[in-house]
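Work through the exercises below with the sequence and the model open. Each task is followed by its solution in steps.

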Amino acid sequence: MALDFSGQNLRGRNFKGRKDFVGANFSYADIRGANFTNANLTGANFSHAKAGLQRRSAIGLVIISFLLSGLSGFLWAINGYLVSLIFSSSSDDSIGGWVALITLIAFFFITIRQGIIAGLGAGAVAFAVAFAFAFAVAFAVAFAFALVGAFAGAGAFAGAVAFAFAFAVAGAFAVAGAFTVAFAVAGAFAVAGAFTVAGAGAFAGAGAGAGAGTLFSIYISWRAMKGDQKHSLIRNIAIAFAATGGTSFRGANLTNADFTQATLKSTDFRKTILICSRWYQAKMLDRVRSGSTYLQNSQVRQLLVTGQGQDKNFDREDLRGINLQKANLADASFIGADLSEANLQDADLSRAKLKQTQLDGTDLTGATLTGAYIEDWGITNTTKLHGVRCEYVFMRLPTKEDPDPLRKPDNKQEIFADGDFADFIKPIFDTLDLYHNQGVDPRAVAIAFKNLAENHPEAELEIVAMEKRGDDKILLRAKTAAGSDKSQLSAEYFDDYNQLKALSQSQQLLLVEKDQRIISLENMVDTALKQPKFYTQGDTNMSDISGINIEGSSNVSGIAGNSSIANLGTISGNVSIALNQLPDATDAEKPGIKELLSQLQDAIVQSTYLSEEDKTEALEQVNTLAEAGKTPQESTKQKTAKTAITMLKGIFTGLPAVASLVEAGNKLLPAIAKLFGLG
């Protein structure tokens with residue numbers, strides 16, 4: 001039975017590493033300062049819980065912010081004094097004052113436009129430049145330049161961190177800011193008092209500088225806490241300090257945990273598993289230490305809290321495991337985003353852009369997909385589509401070059417009935433998509449696919465669709481058995497296809513002429529290429545095809561590509577010359593490559609069933625094997641030999657079983673393959 005801590009005071013409790021909190025109830029509990037590091041909190045209920053800092057920790061951190069603000073005021077007062085030197089009777093001091101003023105203005109401008117890091121960089125450069133030119137310019141100028149550059153950066157940074165820190169801890173900017181300003185002013189007046197002896201101008205300058213600097217720091221901290229990326233360093237430091245001593249879920253498993261309306265200020269979620277965790281109406285989610293989880297994105301946090309993501313852009317965001325149940329995502333863009341394992345139950349995805357969106361294991365039960373753009377979306381057989389509401393979808397995102405979005409159903413007056421969309425999309429759950437992007441060779445496609453089906457009968461390959469894309473591109477889509485390694489199948493297919501594509505037409509014909517199924521598939525591909533759009537769906541099952549087998553290899557060197565028929569005697573002579581260059585077998589009872597190829601040459605020449613053209617082609621392959629036999633253990637030669645042996649098998653296919661060449665081929669070819677390390 002799940003543990004029940006609802007409504008209890010658990011402040012400061014240590015639950016580190018606990019594994020018995022699965023489904024535990026922490027609703028309405030006070031978990032400020034509690035430690036859940038590495039605990040298993042799968043399915044736990046934290047709705048209305050109050051997380052964050054205990055009072056004593058909050059007080060200590062606020063005191064630190066007061067000290068930082070005092071330091072900031074002190075530094076800004078010094079800057080103010082340096083600027084006040086403008087009114088000095090000394091020309092050198094006056095120049096130094098003007099340099100200080102210009103440096104401050106430049107610092108303010110750079111920091112506001114480019115962020116605190118750029119401002120700090122400018123301050124560091126100012127300091128370095130001043131020292132580099134100290135001997136070339138008046139000492140007062142160099143001194144003012146250096147001090148203002150250093151103190152402006154340090155003052156702004158300390159002040160911004162102080163105010164952001166107070167805001168993050170106290171949560172009420174007005175209250176925290178009032179106390180922090182008080183300490184900043186106190187620090188300023190401490191410096192101003194020290195300069196009183198220099199005159200009223202120095203005192204006024206120090207006070208003015210402190211005031212301006214304090215207001216500037218307040219502005220920077222306000223922008224940082226509002227999520228301005230230019231000042232993210234300030235926000236990150238403030239949040240990190242504010243989470244020190246707060247509620248910690250670091251490394252915990254919060255799969256399916258519920259934080260509905262929970263208060264989560266100063267909470268640590270670094271390295272936490274947040275699959276399908278619910279955050280609806282959670283308070284102060286922007287004050288958590290998120291680490292690299294999806295909570296680091298301010299727009300995503302807002303979506304999780306409100307459930308409103310209409311017309312928002314989430315392109316290429318990592319949203320794996322996010323819980324968007326019942327969210328309004330109409331017209332939202334998720335192009336290239338990862339929504340795998342996400343909960344999208346009953347979400348409104350009307351007209352959403354789901355191009356190349358990853359949806360492996362995503363729960364779309366009851367979701368609305370009417371008008372969604374699903375070009376190349378990544379659904380799998382683990383994607384849940386039960387009860388999806390969808391009247392029509394678009395198969396691609398329109399572009400200026402091709403504005404047709406490919407509406408389905410094609411008839412604009414027709415819509416999917418209840419349950420039809422899942423049935424429509426189901427055939428391509430487990431498909432092997434073979435995309436040919438240039439110079440499609442229909443015959444090579446047909447042969448390569450036939451070979452793939454023969455080599456992998458367990459994959460149960462079945463062509464379900466062909467689609468022409470562009471002028472000379474085609475997508476061949478084949479259904480596969482569950483669990484098939486599509487990456488391996490695709491790699492093997494294209495190795496084979498590229499090899500076949502490199503062959504001459506006559507060589508391809510040798511592989512095709514005795515197999516009507518290859519011819520049929522070749523015609524289908526050719527038809528697809530000639531039509532604007534072409535789909536085929538049904539019983540194009542290739543798994544029962546038997547016959548020749550070409551194994552994948554992209555190396556076709558050594559294969560004769562000349563379609564003309566050379567003189568048989570000349571080719572036979574070339575074979576004999578090549579064979580004589582091979583070493584003799586060391587054991588007379590164990591013939592080597594030279595002896596086996598000689599026997600094969602004789603069997604081909606003496607065959608009465610082969611035409612002169614077939615004999616010529618066969619001897620070309622024997623010559624290729626002889627050349628490869630000089631270094632039979634080289635991988636490139638092995639691939640060449642594999643291709644040549646396959647070609648010979650194709651030539652011998654269809655000869656009468658009683659033909660002596662068939663018997664010789666069945667005996668010699670396996671032995672030759674073994675000597676090449678192919679057996």
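**Overall figures**

Of the chain's 679 residues, 50% are buried (under 20% relative accessible area; exposed is over 50%, partly exposed in between; 1.4 Å probe, protein chains only). The model is predicted, so local features need pLDDT of at least 70 and side-chain atom pairs pLDDT 80 or more, while totals for chains, interfaces and linings use all residues. Numbering runs from 1 along each chain as its sequence is written, and side-chain values use heavy atoms, without hydrogens and water.

**Exercise 1.** Place Asp268, decide whether Asp268 is buried or exposed, and list its contacts outside the sequence neighbourhood.

Step 1. Asp268 sits in the loop between α7 (232–242) and α8 (298–306); helices (H or I, at least four residues) and strands (E, at least two) are DSSP runs, numbered from the N terminus.

Step 2. Its relative accessible area is 6%, so Asp268 is buried.

Step 3. Leaving out neighbours within four places in sequence, Asp268 has contacts (heavy atoms within 4.5 Å) with Thr247, Ser248, Phe249, Arg250 and Arg289.

**Exercise 2.** Find the strand that holds His436, and state how far its C-alpha atom is from that of Leu476.

Step 1. His436 belongs to strand β3 (residues 431–436).

Step 2. His436 counts as buried because its relative accessibility is 2%.

Step 3. Leu476 is 40 residues away along the chain, and the two C-alpha atoms are 8.0 Å apart.

**Exercise 3.** Locate Glu414 and classify its exposure.

Step 1. Glu414 lies in the loop between β2 (407–408) and α9 (420–425).

Step 2. With a relative accessible area of 41%, Glu414 is partly exposed.
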